[in-house]
Amino acid sequence: MTEAARREPGTPCWVSLMVRGLDATKDFYGELFGWEFQPGPPQLGPYVRALLDGREVAGIGRLPTDRGLPGAWTAYLASDDADRTAESVRCGGGTVAVGPLDAGDAGRLVICSDPSGAVFGVWQAAAFPGTAPVAEGTPGAPVWNELLTHESESVVKFYRTVFGHEPEPAAPAGQDRVALLVGGRPVASVRGVGTDLPRDRGAHWMTWFEVADPDAAARRVEELGGRVLRAPRDGAEGRTATVADPEGAVFTIVRSAGR
């Protein structure tokens with residue numbers, strides 16, 4: 001098995017989903033992406049890690065029964081010092097909702113929101129560095145994370161201050177999309193969508209998962225009890241569709257350009 005390497009600060013290193021029905025959610029993603037599952041750190045409560053070809057690619061946990069929170073995918077950004085990053089989040093106008101706290105010997109985590117209200121995680125790796133590498137274009141693997149917000153400028157300043165991201169325009173003139181670079185390499189993006197931002201979700205991070213056939217995968221989502229929110233279409237990144245699982249957690253499926 002190829003082990004994951006420790007990521008540079010600011011690089012997305014893990015994605016996790018909290019749900020009410022853990023078993024049903026495992027069935028959904030297992031059927032859609034071919035994931036298998038193994039128990040995660042007991043300190044996180046009922047929690048499993050999703051495996052693709054034996055490599056850990058995502059986590060799914062159970063929400064506390066007393067919380068009526070909607071399910072949502074959360075992207076975690078790497079940090080060398082979760083406590084210091086949490087303080088930077090507060091100073092930058094964001095909010096720290098959970099932590100910093102230890103996840104056993106796996107690492108240390110924080111759950112935050114940026115000034116636009118988008119929720120994200122911070123992960124200081126110890127024994128567990130995060131998502132294991134898989135072959136490029138492998139169906140079922142997380143391949144990108146994008147922040148959808150009203151406008152990019154102010155929130156990009158926040159991530160640059162907290163994580164040191166270097167911004168770079170990532171769309172033709174007239175479109176509000178910025179790539180976030182770490183060490184000169186794009187690791188995520190921020191897209192300002194103005195009034196097209198869904199009112200029921202507000203600003204949010206979106207995880208993209210590779211699929212072999214977005215049209216067939218979108219149909220399968222519906223067969224498994226999920227919904228197609230935006231039908232498959234071609235774009236610069238490839239052929240994409242926006243879908244939701246049976247509990248309403250939204251994600252993007254993509255056949256990346258060049259495949």
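**Cavity, pocket and two sheets**

Me: How many cavities of 30 Å³ or more are counted?
Reply: The model is a predicted one. A cavity is a set of points where a 1.4 Å probe fits but cannot get out. With 30 Å³ or more as the size to reach, the count of cavities is one.

Me: About how much space lies in the largest cavity?
Reply: The lining of the largest cavity includes Arg6, Arg7, Cys13 and Trp123. By class, this lining has five nonpolar, one polar and three charged residues. The space in the largest cavity is about 50 Å³.

Me: What is the volume of the second largest pocket?
Reply: A pocket, unlike a cavity, is an open set of points. The second largest pocket has 31 lining residues, which divide into 19 nonpolar, six polar and six charged. Its volume is about 860 Å³.

Me: Which residues of the lining lie nearest the centre of the second largest pocket?
Reply: Several strands take part in this lining: β1 (12-19), β9 (142-149), β12 (185-192), β13 (204-210) and β16 (250-256) each supply at least two residues. Of the 31 lining residues, the ones nearest the centre are Ala141, Pro142, Val143, Trp144 and Arg185.

Me: Which strands stand at the edges of the sheet with the order β2-β3-β4-β1-β5-β8-β7-β6?
Reply: This is an open sheet of eight strands with mixed pairing. A strand at the edge has a single partner strand, so one side of it is left without a neighbour in the sheet. From one strand to the next, the twist averages 30°. The edge strands are β2 (36-39) and β6 (95-102).

Me: Which residue in β8 stands opposite cysteine 112?
Reply: Strand β7 (residues 107-113) pairs with strand β8 (residues 119-125) in the antiparallel sense, over seven bridges. Opposite cysteine 112, the residue in β8 is phenylalanine 120.

Me: What angle does the direction of helix α2 make with that of β6?
Reply: Helix α2 (residues 82-91) packs on the sheet and touches β6, β7 and β8. Another helix, α1, lies across β1, β2, β3 (47-52), β4 and β5, running at about 150° to β4. For α2 and β6, the angle is about 175°.

Me: Is leucine 63 buried or exposed?
Reply: Leucine 63 has its place in the loop between β4 (55-62) and β5 (72-78). In space, its C-alpha is 9.3 Å from that of leucine 17, although the two are 46 residues apart in sequence. The cut-off for buried is under 20% relative accessible area. Because its relative accessibility is 10%, leucine 63 counts as buried.

Me: Which strands are the edge strands of the sheet with the order β10-β11-β12-β9-β13-β16-β15-β14?
Reply: This open sheet of eight strands has mixed pairing. An edge strand here pairs on one side only. Neighbouring strands of this sheet are turned by 30° against each other on average, direction ignored. The edge strands are β10 (166-169) and β14 (227-235).

Me: Which residue in β11 stands opposite proline 169?
Reply: β10 pairs with strand β11 (residues 177-182) over four bridges, in the antiparallel sense. Opposite proline 169, the residue in β11 is valine 178.

Me: What angle does the direction of helix α1 make with that of β16?
Reply: Helix α1 (residues 22-33) packs on the sheet, where it touches β13 and β16. The angle between the directions of α1 and β16 is about 10°.

How values were computed: Residues numbered from 1 in each chain as written. Predicted model: local features only at pLDDT ≥ 70, side-chain atom pairs only at ≥ 80, totals over all residues. Heavy atoms only, no water. 1 Å grid on protein atoms, 1.4 Å probe; cavity = no way out; pocket = protein on both sides within 12 Å on 5 of 7 lines; lining within 4 Å. Points joined across faces, edges and corners; volume = space filled by probe spheres on them. Nonpolar A, V, L, I, M, F, W, Y, C, P; charged D, E, K, R; others polar. Pairing = 2+ DSSP bridges. Axes fitted to C-alpha atoms, helices over the stretch in contact; angles between N-to-C directions. Contact = heavy atoms within 4.5 Å. Buried < 20%, exposed > 50% of the residue type's maximum accessible area, 1.4 Å probe, protein only.
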